[in-house]
Amino acid sequence: MIARFEELDWQLTPMGDLTLRRRFEPAASQEIYEVKLGDEYLMSSLFTVAEVALADLGLAAVTTEKIDVLVGGLGLGYTAVAALRDPRVTSLTVIDRLAAVIGWHERMLLPAASDLVTDARTSLVCDDFFAVMRAAPAPDHAGYDAILLDVDHSPRHQLDATHADLYTVNGLRALDRHLRPRGVFALWSDDPPDAEFMVKMRAVFDDCAAHVVEFDNPVTGGVSSNTVFVGVTRKR
Ligand SMILES: C[S@@+](CC[C@H](N)C(=O)[O-])C[C@H]1O[C@@H](n2cnc3c(N)ncnc32)[C@H](O)[C@@H]1O
């Protein structure tokens, strides 16, 4: 029998109270996992189509045969596991600021966890993705062929005010230093395509696109959508 509601973990983190819970969602007739940070819903396993599309659309734009991927924001792990399905991926580094989130995967509390942590290509790193992007790449690190980012709600709505600088032209240029030649940056957003943000993307990257990803929403009974922004570095 499925419990109607179960709190799997609760931790006080530098970003607030973090809760992982599993519950039965009657609208979808399925068990779901959801993450709350304070009073905000951070992620639900009910909606994963666009998280998977972030990896699929980002990696589809990569033309190299071997791909080192960096994912910003582990969450429930759907973007990371989708990236591992691409056989060209030789390494996958996932940065998450919350040790608790990484711990949920290492403790196999989440449905995607075993595919992620048992894959030898995966490294889970507890750090601030935005601080890593602000810093110059280490001289002995060649950079990434793809950087897939899903931390904030959108380029305009951040989880934390310290993230805002990444979504400026200078912030995107700083991130670009971490891409190898022909590398790709892809970004998930809860908001519709954003013309002002596209101007910033085009200032730094080539072949910019804003893909609208639609999915059935069993809670509203309608169709919802997210956006995946993609851009290719000018380095050749
Ligand atoms: C919406 S979830 C990511 C969902 C993920 N795409 C998936 O498929 O499940 C956002 C994640 O970003 C993490 N996060 C928040 N601030 C961060 C930061 N400054 N650096 C790295 N990760 C951060 C949160 O802990 C959370 O795990």
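Visitor: Which strands does helix 7 (residues 195-204) lie across?

Guide: First, a caution: this is a predicted model. In this model, helix 7 lies across strand 10 and strand 11. Helix 7 runs at about 140° to strand 10. That angle is taken between N-to-C directions, on a scale from 0 to 180 degrees.

Visitor: What makes strand 10 an edge strand?

Guide: Strand 10 pairs on one side only. Strand 7 (122-126) is the other edge strand, again with pairing on one side only. Both belong to an open sheet of seven strands. Its order is 7-6-5-8-9-11-10, and its pairing is mixed. On average, neighbouring strands here are turned by 20° against each other, direction ignored.

Visitor: How do you know that strand 9 and strand 11 pair?

Guide: Count the bridges. Pairing needs at least two bridges. Strand 9 and strand 11 have six, so they count as a pair. Their pairing is antiparallel. For an example, look at W188: it stands opposite V228 in strand 11.

Visitor: What is the order of the strands in the four-stranded open sheet?

Guide: The order is 1-2-3-4, with antiparallel pairing. Strand 1 (5-13) and strand 4 (40-44) are the edges, each pairing on one side only. Strand 1 and strand 2 (residues 16-25) share eight bridges. The cut-off is at least two, so strand 1 and strand 2 pair. Within this pair, E6 stands opposite R22 in strand 2.

Visitor: Which helix packs on this sheet?

Guide: Helix 3 (residues 99-106) does, touching strand 1 and strand 2. Its direction makes about 140° with that of strand 1. Helix 3 also lies across strand 6 (89-96) and strand 7. To strand 7, helix 3 runs at about 150°.

Visitor: How many residues lie between strand 3 and strand 4 in their hairpin?

Guide: Two residues lie between them. G38 sits in the turn, with a positive phi of about 60°. Strand 3 (residues 30-37) and strand 4 pair in the antiparallel sense over four bridges. K36 has Y41 in strand 4 as its bridge partner.

Visitor: Why is A50 in helix 1 called buried?

Guide: A residue is buried if 20 or more other C-beta atoms lie within 10 Å of its own. A50 is listed as buried, so A50 reaches that count. E51, A53, L54, A55, L57, G58 and L59 of helix 1 are buried as well. Their cover includes strand 5 (67-72), helix 2 (78-84) and strand 8 (144-149). In the whole chain, buried residues make up 38% of the 236 residues.

Visitor: Which residues touch the most other members of the largest nonpolar core?

Guide: V69, A83, L148 and A186 do, in a core of 62 residues. Take A83. Leaving out residues up to four places away in sequence, A83 touches A55, L59, V69, V71, V89, L92 and L148. In soluble globular proteins, nonpolar side chains tend to be buried together.

Visitor: How do you know that helix 1 has the span expected of it?

Guide: Helix 1 (residues 49-60) has 12 residues. From its first C-alpha to its last, helix 1 reaches 16 Å. At 1.5 Å a residue, 16 Å is expected. The two values are close.

Visitor: How many helices and strands does the protein chain have, and why is the chain called as compact as a globular protein of its length?

Guide: The protein chain has seven helices and 11 strands. Its radius of gyration is 17 Å, and the globule rule gives 18 Å for 236 residues. Those values are close, so the chain is as compact as a globular protein of that length.

Methods. Residues numbered from 1 in each chain as written. Predicted model: local features only at pLDDT ≥ 70, side-chain atom pairs only at ≥ 80, totals over all residues. Rg over C-alpha atoms; globule rule 2.2 N^0.38 Å. Buried ≥ 20, exposed ≤ 12 C-beta atoms within 10 Å, placed from the backbone. Expected span 1.5 Å × (residues − 1). Contact = placed C-beta atoms within 7 Å. Core = buried A, V, L, I, M, F, W, Y, C linked by C-beta atoms within 7 Å.
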